[in-house]
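Please look over the chain shown here before reading the report that follows. The headings take a single residue as the starting point and then move to the fold, the core and the cavity.

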Amino acid sequence: MSTKEIVQHVGTLLDLAGVFVIAVGVAVATAVFVVRCSRTRQVVAHYRAYRQGVGRAILLGLEFLVGGDIIRTVAVSPTFTSVGVLALIVLVRTFLSFSLEVELDGRWPWQSRPPVDRPSVGARPQR
């Protein structure tokens, strides 16, 4: 087996891992959502957490898919055309990742996180 074939297989395995991560992540997020909704009967209350779970699965899966594309394109067939196509794929996936990240966090990446309300030392817990 040549080095080129090994690299091709590694890229394919990363693609499969990306698809697997997305599929399992969406399935787990959906199962958690269904369980939470069946317990409380409040779909709207759990919808945001569900979207965040699905978004995180997609983001992680996209990272694997981009990695597979990079390995196959750069290591297997580094022509100017294939690198250009890779650049477009990475650009689209980066935009998608950026959009999902903004959607999940509810803020731009350069904005600071809102302060977390923490009880002062010695404060009584709320009931």
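## Starting from Ala31

In which helix does Ala31 lie? Ala31 belongs to helix H1, which covers residues 3-40, in what is a predicted model. Ala31 counts as partly exposed because its relative accessibility is 41%, a value that falls between the 20% limit for buried residues and the 50% limit for exposed ones.

Along the sequence Ala31 is separated from Tyr50 by 19 residues, and in space the distance between their C-alpha atoms is 9.5 Å.

## Fold and surface

The chain contains three helices and zero strands, so that its pattern, read along the sequence, is α-α-α. Of the contacts that link residues at least 6 apart in sequence, 70% are between residues at least 24 apart.

Of the 127 residues in the chain, 24% are buried. The accessible surface amounts to about 9,500 Å², and carbon and sulfur atoms account for 67% of that area.

## The largest nonpolar core

Which residues make up the largest nonpolar core? This core has five residues in all, namely Leu59, Leu62, Leu65, Leu100 and Leu104. Helices H2 and H3 each supply at least two residues of the core, and the largest share, three residues, comes from H2.

Leu104, one of the residues of this core, touches Leu59, which is also listed in the core. Leaving aside residues up to four places away in sequence, the other residues that Leu104 touches are Arg48, Arg51, Gln52, Gly55 and Arg56.

## The cavity

How many cavities of 30 Å³ or more does a search of the whole structure find? The search finds one, and the space in the largest cavity is about 40 Å³. Two elements, helix H2 (43-76) and helix H3 (80-105), give two or more residues to the lining of the largest cavity, and H2 gives the most, with three residues.

The lining is formed by Arg48, Arg51, Gln52, Glu103 and Leu104, and by class these residues divide into three charged, one polar and one nonpolar. Leu104 therefore counts as the nonpolar member of the lining, while Gln52 counts as the polar one. Leu104 thus appears both in the lining of the largest cavity and in the largest nonpolar core, and among the residues that it touches are Arg48, Arg51 and Gln52, each of which also lines the cavity.

Key
Residues are numbered from 1 along each chain as its sequence is written. This is a predicted model: local features need pLDDT of at least 70, side-chain atom pairs count only at pLDDT 80 or more; totals for chains, interfaces and linings use all residues. Side-chain values use heavy atoms; hydrogens and water are left out. On a 1 Å grid over the protein atoms alone, a cavity is a set of points where a 1.4 Å probe fits but cannot get out, and a pocket is an open set with protein on both sides within 12 Å along at least five of seven lines; lining residues have an atom within 4 Å of a point. Grid points are joined across faces, edges and corners, and a volume is the space filled by probe spheres set on the points. Helices (H or I, at least four residues) and strands (E, at least two) are DSSP runs, numbered from the N terminus. Buried means under 20% relative accessible area, exposed over 50%, partly exposed in between (1.4 Å probe, protein chains only). Contact means heavy atoms within 4.5 Å. Accessible areas come from the Shrake-Rupley method with a 1.4 Å probe; for residues, only the protein chains shown count as cover. A nonpolar core is a set of buried Ala, Val, Leu, Ile, Met, Phe, Trp, Tyr and Cys residues joined through side-chain atoms within 4.5 Å.
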